[in-house]
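Student: Hey, could you walk me through this one? I'd like to start with how the chains meet.
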Amino acid sequence: MEKKTNRWGWAFLIVASAMIMIFSFYPMFSALIMSFKTGSSANMKWATPWYNNYLRMFKDKTFIMALKNTFLYLIIQVPVMLVLAILLAQLLNNPNLKCRGLFRTCIFLPCAISLVSYSLIFRTLFYDTGMINTILMKLGIIHENIKWLGQTGTARAVIITALIWRWTGYNMVFYLAGLQNLDYQVYEAAQIDGANGWKTFWHITVPQLRPVIIMTFIMSINGTLQLYDESVNLTNGGPAGTTMTMSHHIYNTAFQGKANFGYAAALSFVVFILVAILAAINLKVGDTRD
Amino acid sequence: MKKLFALLLTVAMVFSLMAMSGSAFADDGNTLTVYAWDANFNIPALKAAEAAFQKVHPDFKLDIATQSGSSDVEQAMTLAGSSGDVSSLPDIVLFQDHFIQSYVADYPDCWQSLEGADINWDDFGAEKLSYSTIDGVHYGAPVDNGTAIFAYRTDVLEQAGYTIADMTGITWDRWLEIARDVKAKTGFALLSMDHSGDDLPYMMMQAEGLSQWKDGKPNFVGNEPFQRIIEVIVQGAKDGTILLANSWSEYCDQTIVGNQTAGVMNGNWIIPTIRQVADNSGKWAITTLPTLDGGKEGYAANGGSSLYITGNCKNVDLAKEFLAYTFGGGEGAMETYDNALRDGGVITCCISAGQSDVYKEGIEYFGGQAIYSDIVGMGAHVPVIEQNDYHYTARTYIGNAITNIINGADLTTELQSAQDQVEFEMG
């Protein structure tokens, strides 16, 4: 009986593994090979030297700009978003709060909107004569339209704001789920011991939520490094390429104008390596097992 | 029960696999399939051609697969070319003029030339054909005409004390003066452009008969007319007389349809956008472009596409006959282009087809001006200039340079940096 079960187990496993091999690992391997090649995609030749595409990156000002932009988004947006998410989760986890469901839904709702749609909506809001400028003018806060998307600083700020708006609710849901698993007795004990809300939060909630926090961190880092829709649809990389992300640059290299698949594949591997390194650091830092 | 379910699943999978492996297009000897992308512009033109050709070929059918944009067609060609399998392609594709040279060079198997088709090539503007002719071989049947126009709001000009004649054949310096005056008196800007894909430098250079390219290399640094053109754009942007929008939709919806600008300079395909504002009927007029030194009128073209036979077309003779009879200036050309103009606003670059009565009609929206025959006439004057596969790359980096110069960077440094980056992408 056990033998038979095992045989079936392997049979199912082989099918699944074969599919992963064919549709996931094989393309990844091909992309690695491709990243050492150059030329039009119908007729690719080995680059000379074979790692030339990787050397090329250091001379690619657009890529370096995109790398800086992406890390800027990462450094500012991810901590702000996660702190907001955890605070909101804490607030909405309060059993005495009325209309909890409504608030939770409202905060989660942005996640139901497609990335392209919300990027386009943000772009419309921040037009030179768009809604934001009109409101600010009417309120008398500004006297001349701000070129939100025409200046580097404001354009980056708009992207970061949009990202926070879109993703905070998503992360909040994970924290809420995490919070609901915490034993309420621990909090009661803390209260009896005289811990205030802030202390309870830092010494009881955060340590117990650690696995969830690490997971959201890794997901957010991964997501931010692959940021694409906002850069393309909200600012189209502008002004002067100062809001372009790495994925946007990869897309442009591969699919806009003259295709350069070899170089685009090399760039993708750099993003892949960066994600891996950051995730490894994150796991290492977050791991408290001795 | 479980077994039945498993069986059903298996059957469903097998069927879907079979469905996928089948050929995408039927082949009955009378049908041609084509990719095109604009339901308001080039698709009506293709339908007009189909109807015209059916008069001599009653069984003929054109199967038009509407794509969401020109880049879909480019990606279909890239996919077919990279995989070496052209069977996924339709018989004919509409393709952007600026990209065709590099696609034919990179993926030769994806294309078949129009050699032997019964087309009188002298009947077309030379500039248009310069894109679709590769090593002296004609590949494309021209569809639309990208001739650039400069459209002005005559009522706004009048309010500031100018006429359309004052705007014709002038220098850019004079234009800047007038623009400042118009801005001061009426609040209108006199030009706008989508700065995320800024075609102004290209069109302004072409109006001079000059190129941003020299011997296949970018020629920005030390190119004196080019620097002067950039200075004009920067000056206009600083004066607020040239509005540089951050996206295509902002350009169309806010600056043009939103009545912020009294002047529009672009390929004539921008006309439908201008006409979206019904209240402005009768207030617009078109003319040619200013030039740096004046004394002449500037002619340029921007954008446009042609029809190409792909490597997958089995019925090449029918495809050639169809293209020659309709878009190629054959007997059905007049009918094709007349209906293409009526239904889609597609303006021909076929000189003889532009002589039809439909073209000579005065257009009420443009104050009764016969703009279509004017545009066909302008198209014949557009100078042929050196083109490059990296046209859009150059456009991006020049646009970036302009942004930086407006924000205070040095012109020479920025042009050098743009040139370096274009050379980097080419190398």
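Tutor: Sure, one term up front: a salt bridge is a side-chain nitrogen of Lys or Arg within 4 Å of a carboxyl oxygen of Asp or Glu. Also, this is a predicted model, where local features need pLDDT of at least 70, side-chain atom pairs count only at pLDDT 80 or more, and totals for chains, interfaces and linings use all residues. Residues are numbered from 1 along each chain as its sequence is written, chains are lettered from A and ligands numbered from 1 in the order in which they are written, and side-chain values use heavy atoms, with hydrogens and water left out.

Student: OK, how many salt bridges are there across the interface of chain A and chain B?
Tutor: The rule finds zero there. By class, the chain A side that touches chain B has 10 nonpolar, eight polar and seven charged residues. Here Ala, Val, Leu, Ile, Met, Phe, Trp, Tyr, Cys and Pro count as nonpolar, Asp, Glu, Lys and Arg as charged, and the others, Gly among them, as polar.

Student: And how many residues are in contact?
Tutor: 25 residues of chain A are in contact with 29 of chain B, contact meaning heavy atoms within 4.5 Å.

Student: Switching topic: where does His98(B) lie?
Tutor: His98(B) is in helix α4 (residues 97-106) of chain B. Helices (H or I, at least four residues) and strands (E, at least two) are DSSP runs, numbered from the N terminus.

Student: Is His98(B) buried or exposed?
Tutor: Buried, because its relative accessible area is 6%; buried means under 20%, exposed over 50%, and partly exposed in between (1.4 Å probe, protein chains only).

Student: What does His98(B) touch?
Tutor: Leaving aside neighbours within four places in sequence, His98(B) is in contact with Tyr131(B), Tyr202(B), Gln387(B), His391(B) and Tyr392(B).

Student: What about cysteines, how many disulfides over all chains?
Tutor: Zero in the whole structure, a disulfide being a pair of cysteine sulfur atoms within 2.5 Å. For Cys111(A), the nearest cysteine sulfur is that of Cys106(A), 13 Å away.

Student: Why is Cys313(B) not bonded to Cys110(B)?
Tutor: Because their sulfurs are 13 Å apart, too far for a bond, even though Cys110(B) has the closest cysteine sulfur. Cys313(B) is also buried, with a relative accessible area of 5%.

Student: Last one: which strand has Thr133(B)?
Tutor: Strand β5 (residues 133-134) of chain B. Not counting residues up to four places away in sequence, Thr133(B) touches Gln101(B) and His138(B).
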